[in-house]
Amino acid sequence: AMLSIGDDSSEEDEEIIPISTYSTGLSSITNTNKPAVILFQDEIDNEEEDEDEPLDIPTIPPVAPIIEQQLPSAITSQEFIDAKQAILLNNYDINAWKVYLHEINNNLSGNTTVIEGYKYFFTYFPRAYKQWIEYTVYCIQNNLTGELDHIFTKVIPNSRDIDLWIVYTTYIKHKYNSMNTVFNTMKSIEEYTHDKKYIESIYDNAIETIGLSHDSYILYRNYIDYIREQPDNGIYADSGKKLMLLRKIYQKSICVPIENLDILWKEYELLEKQTSEQLAEKVLPEYQEKYLHAKAIYNDRRKLTNQIDKFRLAVPPVRQYEDIHQLDQWSKWIKYELTNPDNLN
């Protein structure tokens, strides 16, 4: 979701793959200390959990409602017909698009399926990551492997939206983090080891791609929790491997301006002291300085981005107050980033 004020370029010649955007994301993901996870179809009926107890199963981000796999419907609502007509008259009628997708998700779109509806939407808004999340979760719910392959290989690698990456990494972890195969037979040691390494590689790639985002705390949190919960046998039989992985993730995360840095720092400090007091005395001062620098930058950056609507759809500007206000906020943020506060090289 990007603001297109002052940009007269057309998206018609671009490949319909979202690239380089920045998302504060869902409040339930980025403003919580709990891991972000996805609820799969076979687990939907088990939602009556005690709110005080941590969930052991994935849950869906609020922007990604559960949409059952849809076949062409005999029902076509008048709202859908009106929205479709309005879109034909004005491809950037945001209110019409909202109604259009709402009716599709509620199976009130006649012969237009969810897949067709979202693909039509993405021809005009290829970087609308809120809708990409909805569509990805729909494909996961309904095991649409062909569509998922396209999303995972073409869309997500070019995405800079943290919430879409969270959906992706959580899906991969859920799918491969099991002792059983898809045929419900026990995995061999080789298969189990391969899958664990694959999950690690997905997290590493996510951090390499989106790990500098100021909303990426939940990504680091999920990766750390995943490593910590692994049994000290099999691939992690060598206790040094687990420690090395945790140290690598902590040292990376506390240097990035993200939320909850105090929590990550305390955990990392404890890890080093429990491992070796002597080594901790040498390592911690260096990383404490980096952690405090990152914390200061996060606070400055958050003040600049709080008023930016990162889910705003890119439409031709009409010079209304909101357009001008958003342009002003983006300009301030860009000006700040050009000073290179992270000291990147």
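This section describes the overall make-up of a predicted model and then examines selected helices, aromatic pairs and loop residues.

The chain contains 13 helices and zero strands. Read along the sequence, its pattern is therefore a succession of α elements, written α-α-α-α-α-α-α-α-α-α-α-α-α. Of its 345 residues, 46% count as buried. Among the contacts in the chain with a separation of 6 or more, 66% are accounted for by residues 24 or more positions apart. The accessible surface of the chain amounts to about 18500 Å², and carbon and sulfur atoms contribute 51% of this area.

Helix α3 (94-105) illustrates how buried and exposed residues can be arranged around a helix axis. The twelve residues of α3 should span 16 Å at 1.5 Å a residue, and the end C-alpha atoms are 17 Å apart, which agrees with that expectation. The buried residues of α3 are A96, W97, Y100, L101, E103 and I104. When α3 is seen down its axis, these buried residues fall within an arc of 160 degrees, so they line one face of the helix. This set of buried residues packs against α2, α4 and α5 (129-141). The face of α3 turned away from the buried side carries the exposed residues N95 and K98. Residue N95 also takes part in an arrangement at the start of α3, where a side-chain oxygen of D93 reaches to within 3.3 Å of the backbone nitrogen of N95.

Helix α13 (residues 321-337) offers a second example. This helix has 17 residues and reaches 25 Å from its first C-alpha to its last, close to the 24 Å expected at 1.5 Å a residue. The buried residues of α13 are D323, H325, Q326, Q329, W330, W333 and Y336. They cover an arc of only 165 degrees around the axis, which puts them on the same side of α13. On the other side of α13, Y321 and K335 are exposed. The cover over the buried residues of α13 includes α12 (277-305). Residue T305 lies in helix α12 and has a relative accessibility of 1%, so T305 counts as buried. Leaving aside residues up to four places away in sequence, T305 touches H214, K310 and W333. Of these residues, W333 is one of the buried residues of α13.

The structure holds 29 aromatic pairs. In one of them, F80 and Y100, the ring centres are 5.1 Å apart and the planes meet at 25 degrees, so the pair is stacked. The pair links distant parts of the chain, as F80 belongs to helix α2 (residues 78-89) and Y100 to helix α3, with their positions 20 residues apart. Both partners are buried: F80 has a relative accessibility of 3%, and Y100 has a relative accessibility of 2%. A further pair is formed by Y120 and Y124, whose ring centres are 5.8 Å apart and whose planes stand at 75 degrees, so this pair is edge-to-face. Y120 and Y124 are four residues apart in helix α4, and are therefore separated by about one helical turn. Y120 is partly exposed, with a relative accessible area of 24%.

The backbone angle phi was also examined in the loops. Most residues other than glycine have a negative phi. By contrast, N107 has a positive phi of about 60 degrees although it is not a glycine. N107 follows α3 and is located in the loop between α3 and α4 (114-124). Its relative accessible area is 34%, so N107 is partly exposed. A positive phi near 60 degrees is likewise found in N260, a residue other than glycine. N260 is placed in the loop between α10 (239-253) and α11 (261-275). With a relative accessible area of 24%, N260 is partly exposed.

Finally, H194 was considered within helix α8 (residues 189-210). H194 has a relative accessible area of 53%, which is over the 50% needed for a residue to count as exposed. The side chains of H194 and D195 are joined by a polar contact of 3.4 Å. The C-alpha atoms of H194 and Y176 are separated by 9.5 Å, and the two residues are 18 residues apart along the chain.

How values were computed
Residues numbered from 1 in each chain as written. Predicted model: local features only at pLDDT ≥ 70, side-chain atom pairs only at ≥ 80, totals over all residues. Heavy atoms only, no water. Helix = DSSP H or I, 4+ residues; strand = E, 2+ residues; numbered from the N terminus. Buried < 20%, exposed > 50% of the residue type's maximum accessible area, 1.4 Å probe, protein only. Polar contact = N/O pair within 3.5 Å; in protein donor to acceptor, adjacent residues only side chain to side chain. Expected span 1.5 Å × (residues − 1). Arc of directions from axis to C-beta. Contact = heavy atoms within 4.5 Å. Areas by Shrake-Rupley, 256 points an atom, 1.4 Å probe, with all protein chains shown as cover. Phe/Tyr/Trp six-rings, centres within 6.5 Å; stacked < 30°, edge-to-face > 60°.
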